[in-house]
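Here is a short report for a reader meeting this protein for the first time. Look over the sequence and the structure, then read on.

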Amino acid sequence: MLCVSFPLPDLDFRLRRRHRPSSSSPAAPHGMPPSKTVSTSAAETEQGTHVFHIVGYSRQRGLRKSIKSGKFSVGGYKWMAFLFPDGAKLANGVDEHRFVAGVALAEKKEKVYASYELRLADQSTGLFFPVLKVAPAEFSYGKCCGYSGYLQNRSVFEASTVLRDDCLTMECIVTVIRRPRISEVKSFPKIEVPPSDITLHLAKMLEEKVGVDVTFSVGGQNVVAHKMVLATRSPVFKAEFYGPLREAGMEPIIIRSVQPDVFKALLHFIYTDSLPPFDNLGEDGHREMIRHLLIAADRYAMERLKLMCQSILCENLNVQTVAITLALADQYHCGMLKDACIEFMSCSSVMDAVEATQGYKDLKRTCPSVAVEVLEKRSRFHKE
């Protein structure tokens with residue numbers, strides 16, 4: 001058995017007699033929103049400052065050795081400040097005209113990731129000023145991260161206010177950078193937004209008749225509504241209420257050829273974008289209501305409702321209903337529904353039973369061209 005499904009965005013409208021969702025139920029989402037999680041990598045650091053006083057600077061020169069501070073601890077590692085007053089050891093030898101100072105790891109441990117800042121005190125003011133900043137790098141014993149430290153012309157250095165009364169003061173600020181700590185992955189904070197409830201508010205306005213401004217007479221019953229809502233949803237109502245051919249003061253507006261229950265179902269769809277549950281109708285009554293709604297949707301140019309009705313009728317095609325549905329589809333230009341009916345009837349397993357129905361006999365009498373299409377389709381089916 002063949003059934004063609006009609007694509008309708010953003011709505012599951014499969015109405016069946018055994019399971020028909022309430023009009024107030026929110027539509028099921030087509031897919032879950034993408035998940036978003038967050039984690040943090042935080043580098044933990046520990047910083048320490050060591051002040052190194054050198055008294056009798058000139059008496060320690062000429063020894064061809066470095067002047068070293070006591071070992072101080074930062075981040076669980078031993079460090080020391082150093083200076084070479086007798087020259088810097090360069091690649092091509094010793095430069096006796098340069099003074100060098102810095103900080104080094106003072107114990108034989110694995111590599112340590114750290115940075116440091118070297119400051120010298122102005123002996124005239126007692127204030128420290130930075131002379132070297134070493135970016136984070138790996139330190140190992142006996143090596144100053146591949147860098148020779150603070151270089152300065154020795155004569156200039158010894159003539160400055162950094163050296164006074166044969167005293168020199170260095171301040172070393174060492175920062176040990178530990179392995180980053182990764183936080184637990186957590187869901188990213190979000191604020192849930194409830195689904196749109198505008199249709200619930202519109203339906204409530206219709207139910208409570210708040211601000212209604214138009215009255216229809218349908219089969220002897222008065223039905224009220226809001227012009228603006230109807231005009232927003234239907235181009236036919238829009239032209240009737242606000243177009244150049246509108247008739248002012250003509251109320252109630254008489255609606256002919258539409259049953260009261262069908263018109264009320266049409267208004268329900270206009271206000272809620274869904275069909276009423278039709279719980280009080282049997283299977284035949286429900287099918288008949290959908291047919292009448294399709295006609296009303298065509299009359300008021302409501303294409304979405306028309307497609308919904310076509311889909312419901314398509315899903316419920318059977319031997320007894322297919323000919324009647326085909327005649328309806330042909331009359332109201334429902335191309336996809338018409339093709340589905342012809343495809344259904346062209347199957348050899350059902351055609352004999354369909355031809356025996358009163359609906360098919362009426363189809364041949366009222367729509368002979370459509371009956372010919374069915375026969376042609378069936379003939380091609382057998383040839384294939």
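## Overall picture

The protein exposes about 22600 Å². Carbon and sulfur atoms supply 52% of that area. The model is predicted.

The protein has 384 residues, and 39% of them count as buried. Its secondary structure comprises 12 helices and 18 strands. Take the contacts between residues at least 6 apart in sequence: 66% of them join residues at least 24 apart.

## Strand 10 and its partners

Strand 10 covers residues 112-121, and strand 11 covers residues 128-139. The two run antiparallel and are joined by 9 bridges. Tyr-113 stands opposite Glu-138 of strand 11. Leu-120 faces Phe-129, also in strand 11. Together the two strands form a hairpin, with 6 residues between them. In the turn, Gly-126 has a positive phi of about 80°.

Strand 10 also pairs with strand 13 (residues 167-177). This pairing is antiparallel too, over 7 bridges. Here Ser-115 has Thr-175 of strand 13 as its bridge partner. Is strand 10 largely enclosed or not? It is largely enclosed by the rest of the structure, because 8 of its 10 residues are buried. In a regular strand, side chains alternate between the two faces of the sheet.

## An open sheet of three strands

Another sheet is open and has 3 strands, in the order 17-16-18. Its pairing is mixed. Strand 17 (221-225) and strand 18 (253-255) stand at the edges. Each has a single partner strand, so one side of each is left without a neighbour in the sheet. On average, neighbouring strands of this sheet are turned by 30° against each other, direction ignored.

Strand 16 spans residues 214-218. With strand 18 it pairs in the parallel sense, over 3 bridges. Ser-217 has Ile-254 of strand 18 as its bridge partner.

## Two nonpolar cores

Which residues have the most contacts inside the largest nonpolar core? They are Phe-216, Phe-263, Leu-293 and Met-345, in a core of 61 residues. Helix 5 (residues 260-272) gives the most to this core, with 8 residues. Apart from it lies another core, of 30 residues. Tyr-57, Ile-67, Ala-81 and Val-176 are among its members.

Phe-216 has a long list of contacts, leaving aside residues up to four places away in sequence. Among them are Gln-221, Asn-222, Val-223 and Ala-225. The list also includes Leu-230, Phe-237, Phe-241, Pro-252, Ile-253, Ile-255 and Phe-263. In soluble globular proteins, nonpolar side chains tend to be buried together.

## Helix 7, an enclosed helix

Helix 7 (residues 303-315) has 13 residues. From first C-alpha to last it reaches 18 Å, close to the 18 Å expected at 1.5 Å a residue. Of its 13 residues, 10 are buried, so helix 7 is largely enclosed by the rest of the structure.

The buried residues of helix 7 include Leu-305, Met-308, Cys-309, Ile-312, Leu-313 and Cys-314. Lys-306, Gln-310, Ser-311 and Glu-315 are buried as well. What covers them? The cover includes helix 5, helix 6 (283-299), helix 8 (322-331) and helix 9 (335-345).

## Two residues up close

Val-350 lies in helix 10 (residues 348-355). Is Val-350 buried or exposed? It counts as buried, because its relative accessibility is 14% and the cut-off for buried is under 20%. Leaving out residues up to four places away in sequence, Val-350 touches Val-319, Phe-344 and Met-345. Val-350 and Val-319 are 31 residues apart in sequence, yet their C-alpha atoms are 6.8 Å apart in space.

Lys-78 has its place in strand 6 (residues 77-84). Its relative accessible area is 35%, so Lys-78 is partly exposed. With residues up to four places away not counted, Lys-78 touches Lys-71, Phe-72 and Ser-73. It also touches Leu-105, Ala-106 and Glu-107. The C-alpha atoms of Lys-78 and Ala-104 are separated by 9.0 Å, and the two residues are 26 apart along the chain.

How values were computed. Residues are numbered from 1 along each chain as its sequence is written. This is a predicted model: local features need pLDDT of at least 70, side-chain atom pairs count only at pLDDT 80 or more; totals for chains, interfaces and linings use all residues. Side-chain values use heavy atoms; hydrogens and water are left out. Two strands pair if DSSP finds at least two bridges between them. Helices (H or I, at least four residues) and strands (E, at least two) are DSSP runs, numbered from the N terminus. Axes are lines fitted to C-alpha atoms, for helices over the stretch in contact, and angles run from 0 to 180 degrees between N-to-C directions. Buried means under 20% relative accessible area, exposed over 50%, partly exposed in between (1.4 Å probe, protein chains only). Contact means heavy atoms within 4.5 Å. A nonpolar core is a set of buried Ala, Val, Leu, Ile, Met, Phe, Trp, Tyr and Cys residues joined through side-chain atoms within 4.5 Å. The expected span of a helix is 1.5 Å times one less than its number of residues. Accessible areas come from the Shrake-Rupley method with a 1.4 Å probe; for residues, only the protein chains shown count as cover.
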